[in-house]
Amino acid sequence: MYIGMNLKLAQNLLYGRGEHKVVSIQIQLLRSEDMQKARARLATLFKQNGLDLEVHDFKELTPQYTQIIGFMSAIFTFISVIMGVIVLFTIITP
């Protein structure tokens, strides 16, 4: 899901009457292949403007992502092997 709103409204919703502060900004790229270019460009902009900010990608922020992808790949490989064995026995058996 996606919700777009201005920063002041988002801070009011998150912090109420407390101190308003920005903790992160999320940027969505059209292509994942552009991540390195975007990271380099943002680092340059941060340095030029004297900002003490960091850039993190989705895999760094969500380490479970790579575990889930590995788990799903293992499951699909296992199912493919089982299906291959069944097809092989079906063809070999007269």
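**Figure 1. The largest pocket of this predicted model takes up about 1,700 Å³.** Its lining counts 37 residues. If you want to find the centre, look for Ile25, Gln26, Ile27, Gln28 and His56, the lining residues that lie nearest to it. Three elements each give two or more residues to this lining: α1 (7-15), α2 (35-48) and α3 (58-61).

**Figure 2. Here is the lining of the largest pocket again, this time with an eye on what it is made of.** Which element gives the most to the lining? That would be α1, with 6 residues. Sorted by side-chain character, the lining splits into 23 nonpolar, 8 polar and 6 charged residues.

**Figure 3. Phe58 and Tyr65 bring their rings together as an edge-to-face pair.** The count of aromatic pairs comes to 1. The ring centres of Phe58 and Tyr65 sit 5.2 Å apart, and the planes meet at 80 degrees; planes over 60 degrees apart count as edge-to-face, so that is the label this pair gets. Is Tyr65 buried, partly exposed or exposed? Its relative accessible area is 34%, and since the partly exposed class runs between 20% and 50%, Tyr65 is partly exposed.

**Figure 4. Gly16 sits in the loop that links α1 and α2.** With a relative accessibility of 34%, Gly16 falls in the partly exposed class. How far is Gly16 from Gln64, in sequence and in space? The two are 48 residues apart along the chain, and their C-alpha atoms are 31 Å apart.

**Figure 5. Stepping back to the whole chain, we get 4 helices and 0 strands.** Following the sequence from start to end, the pattern reads α-α-α-α. The radius of gyration is 23 Å, whereas the globule rule gives 12 Å for 94 residues; the chain is well over that figure, so it is more spread out than a compact globule. Along the principal axes, the C-alpha atoms fill a box of roughly 75 × 35 × 20 Å.

**Figure 6. The surface view shows a chain that exposes about 9,100 Å².** Carbon and sulfur atoms supply 64% of that exposed area. What share of the 94 residues is buried? Just 3% of them, with buried meaning under 20% relative accessible area.

Conventions: Residues numbered from 1 in each chain as written. Predicted model: local features only at pLDDT ≥ 70, side-chain atom pairs only at ≥ 80, totals over all residues. Heavy atoms only, no water. 1 Å grid on protein atoms, 1.4 Å probe; cavity = no way out; pocket = protein on both sides within 12 Å on 5 of 7 lines; lining within 4 Å. Points joined across faces, edges and corners; volume = space filled by probe spheres on them. Nonpolar A, V, L, I, M, F, W, Y, C, P; charged D, E, K, R; others polar. Phe/Tyr/Trp six-rings, centres within 6.5 Å; stacked < 30°, edge-to-face > 60°. Buried < 20%, exposed > 50% of the residue type's maximum accessible area, 1.4 Å probe, protein only. Rg over C-alpha atoms; globule rule 2.2 N^0.38 Å. Areas by Shrake-Rupley, 256 points an atom, 1.4 Å probe, with all protein chains shown as cover.
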